[in-house]
Amino acid sequence: MCLAVPLKIISIDGKTAVGEASGLTQKLRVDFIPGLKVGEYVMVHAGFAIQRMTEEQARENLDCIQEALHAL
């Protein structure tokens, strides 16, 4: 099973960016999201940003992931 995770973009350098969630950062590719800006949220799968998200959508998704982790 694969899991996509929402990240907040904290820096962009060409087609590469750094995203953050819960204090953890990850390098990712942003080829599929034209016009992406620092501060926006994206859904990341396999190291690629695949969808732009609102902050509310990202927070709801992260809350669900946290809930699942705490249930284990």
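Helices (H or I, at least four residues) and strands (E, at least two) are DSSP runs, numbered from the N terminus. The views below show a predicted model, in which local features need pLDDT of at least 70 and side-chain atom pairs count only at pLDDT 80 or more, while totals for chains, interfaces and linings use all residues. Residues are numbered from 1 along each chain as its sequence is written, and side-chain values use heavy atoms, leaving out hydrogens and water.

**View 1. Ser22 has a positive phi in the loop between β2 and β3.**
Start with the stretch that joins β2 (16-21) to β3 (24-29), where you will find Ser22. The phi of Ser22 is near 55°, a positive value in a residue that is not glycine. Most residues other than glycine have a negative phi. With a relative accessible area of 59%, Ser22 is exposed (the term means over 50%, whereas buried means under 20% and partly exposed lies in between, with a 1.4 Å probe and protein chains only).

**View 2. Strands β4 and β5 make a hairpin, with Ala46 in the turn.**
The two strands, β4 (41-45) and β5 (48-53), have a loop between them that holds Ala46. They run antiparallel and are joined by 5 bridges (strands pair if DSSP finds at least two bridges between them). Across the hairpin, His45 stands opposite Phe48 in β5. There are 2 residues between the strands. Ala46 has a positive phi of about 55°, although it is not a glycine. This turn residue counts as exposed because its relative accessibility is 64%.

**View 3. Phe32, Phe48 and Ile50 form a nonpolar patch on the surface.**
Stay with Phe48, which lies in strand β5, and look for Phe32 and Ile50 as its partners in the patch. Together the three residues have about 290 Å² of accessible area (from the Shrake-Rupley method with a 1.4 Å probe; for residues, only the protein chains shown count as cover). Patches are made of residues with over 30% relative accessible area and no salt bridge; nonpolar side chains (Val, Leu, Ile, Met, Phe, Trp, Tyr) are joined within 5 Å and like charges within 9 Å. Phe48 is partly exposed, with a relative accessible area of 32%.

**View 4. Arg52 and Glu40 meet in a salt bridge.**
Their side chains are 3.2 Å apart, N to O (a salt bridge is a side-chain nitrogen of Lys or Arg within 4 Å of a carboxyl oxygen of Asp or Glu). The pair links distant parts of the chain, with Arg52 in strand β5 and Glu40 in the loop between β3 and β4, 12 residues apart. Arg52 counts as partly exposed at 36% relative accessibility, and Glu40 is also partly exposed, at 24%. Gly39 lies in the loop between β3 and β4 as well, and at 33% relative accessibility Gly39 counts as partly exposed. To get your bearings, go from Gly39 to Val5: they are 34 residues apart in sequence and 16 Å apart in space, C-alpha to C-alpha.

**View 5. Two further salt bridges pair Asp31 with Arg29 and Glu55 with Arg59.**
A search of the whole structure finds 3 salt bridges. The side chains of Asp31 and Arg29 meet at 2.7 Å, N to O. Asp31 is partly exposed, with a relative accessible area of 33%, and Arg29 is partly exposed too, at 34%. Now turn to helix α1, where Glu55 and Arg59 are separated by about one helical turn because they are 4 residues apart. Their side chains meet at 2.5 Å, N to O. Glu55 is partly exposed at 40% relative accessible area, and Arg59 is partly exposed at 46%.

**View 6. Glu56, Glu60, Asp63 and Glu67 gather in a patch of negative charge on the surface.**
For this patch, Lys and Arg count as positive and Asp and Glu as negative, while His and the chain ends are not counted. The place of a charge is taken as NZ of Lys, CZ of Arg, CG of Asp or CD of Glu. One of the patch residues, Glu56, is found in helix α1 (residues 55-71). Glu56 counts as exposed, at 55% relative accessibility. Another acidic residue to find is Asp13, in strand β1 (residues 5-13). Asp13 counts as exposed because its relative accessibility is 64%. Asp13 and Glu56 are 43 residues apart in sequence and 25 Å apart in space, C-alpha to C-alpha.
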